[in-house]
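Reader: I am a first-year student, and I would like to look closely at a single part of this structure rather than at everything at once. Please choose one helix and its surroundings, and lead me through them slowly.

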Amino acid sequence: MAWNNVLCIYYSRTGHTRKAMEEISQALGAELVELRDGVDRSGWGGWLRCGVDATKKTVKPVKFQSKFPLMDYRLVIVGSPVWAGRCSSVVRSFLKQHGGELRNAAFLLTRGSENKSEKVFQQMDLYTPCGHRTSVSLRPGSVGYTFWQTQFLQDVQDFLSDS
């Protein structure tokens, strides 16, 4: 089923968040947009820069191109990797700059550890007055990945059907 007024927007350094958001956007028939901040985050130096930026809560202007203004989407699904126990600085920048434009938000995190990092959702809510309607924390390669992704899709579809 296609949910046309849904935007999936994300940042991905390693490709894990990109893959998860591609799967979500395809299942929903939603628009998919990648965030960019112009910072080289490749290799070990980029990995280190990501951790420092997350810890210092560094923000830089982000660039993205969506078909419609953010406030026109029924739901914006924001995808971020977890960096040092926080959302990526790229996503934080996006939320600080544009979080007030979101009518409804849902969050998707990808993480490398067993810790679900659910406190990151509360951090992201600080920049989105609407709060989030549903969320999921996925660990690529884990046994529960497909289950939690499917549950998230069902929660999104339920929200869209009710609104």
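**Helix α1 and its partner α5**

Author: Let us begin with one residue, Ser 25, which counts as buried because its relative accessibility is 7%, and the cut-off for that word is under 20%. The model we are reading is a predicted one, and Ser 25 sits in its helix α1. If we set aside the residues up to four places away in sequence, Ser 25 touches Cys 8, Ala 30 and Leu 32. Of the elements of the chain, strand β1, which runs over residues 6-10, has the highest mean pLDDT, at 97.

Now let us widen the view to the helix as a whole. Helix α1 covers residues 16-28 and packs against helix α5, residues 145-162. Two packed helices are described by the angle between their axes and by the distance between those axes. For α1 and α5 the angle is about 40° and the axes are 11 Å apart, and the pair is therefore called oblique. The crossing that α1 makes as it passes α5 is right-handed.

The residues that form this contact can be listed from both sides. From α1 come Ala 20, Glu 23, Ile 24, Ala 27 and Leu 28, while α5 brings Tyr 145, Gln 149, Phe 152, Leu 153, Val 156 and Gln 157. Sorted by class, the residues in the contact of α1 with α5 are eight nonpolar, two polar and one charged. It helps to keep in mind that an α-helix has 3.6 residues a turn, so residues three or four places apart point the same way.

From the α5 side, Tyr 145 deserves a careful look. Tyr 145 belongs to helix α5 and, with a relative accessibility of 10%, it counts as buried. Apart from neighbours within four places in sequence, Tyr 145 is in contact with Ala 20 and Glu 23, and also with Leu 138, Arg 139 and Pro 140. In space, the C-alpha atom of Tyr 145 lies 10.0 Å from that of Thr 110, although 35 residues separate the two in sequence.

Following one of those contacts leads us to Arg 139, which is placed in the loop between β6 (132-138) and α5. Arg 139 is partly exposed, because its relative accessible area is 25%. Its C-alpha atom is separated by 10.0 Å from that of Ala 20, a residue 119 places away along the chain. Besides Tyr 145, Arg 139 touches Arg 111, Gly 112, Ser 113 and Glu 114, again not counting residues up to four places away in sequence. Among these, Ser 113 lies in the loop between β5 (105-110) and α4 (119-125), and at 34% relative accessibility it counts as partly exposed. The C-alpha atoms of Ser 113 and Arg 139 are 7.2 Å apart, with their positions 26 residues apart in sequence.

Finally, we can set this part within the whole chain, which has five helices and six strands. Of its 163 residues, 48% count as buried. Among contacts between residues at least 6 apart in sequence, 77% join residues at least 24 apart. As for confidence, the mean pLDDT of the chain is 87, and 86% of the residues reach 70 or more. Helix α2, residues 43-56, has the lowest mean of the elements, at 63, and where pLDDT is low, the predicted coordinates should not be read in detail.

How values were computed: Residues are numbered from 1 along each chain as its sequence is written. This is a predicted model: local features need pLDDT of at least 70, side-chain atom pairs count only at pLDDT 80 or more; totals for chains, interfaces and linings use all residues. Side-chain values use heavy atoms; hydrogens and water are left out. Axes are lines fitted to C-alpha atoms, for helices over the stretch in contact, and angles run from 0 to 180 degrees between N-to-C directions. Helices (H or I, at least four residues) and strands (E, at least two) are DSSP runs, numbered from the N terminus. Angles under 35 degrees count as roughly parallel, over 145 as roughly antiparallel, 65 to 115 as roughly perpendicular and the rest as oblique. A crossing is left-handed if the near helix is turned anticlockwise from the far one by less than a right angle, and right-handed if clockwise. Contact means heavy atoms within 4.5 Å. Ala, Val, Leu, Ile, Met, Phe, Trp, Tyr, Cys and Pro count as nonpolar, Asp, Glu, Lys and Arg as charged, and the others, Gly among them, as polar. pLDDT is the predictor's confidence in each residue, from 0 to 100. Buried means under 20% relative accessible area, exposed over 50%, partly exposed in between (1.4 Å probe, protein chains only).
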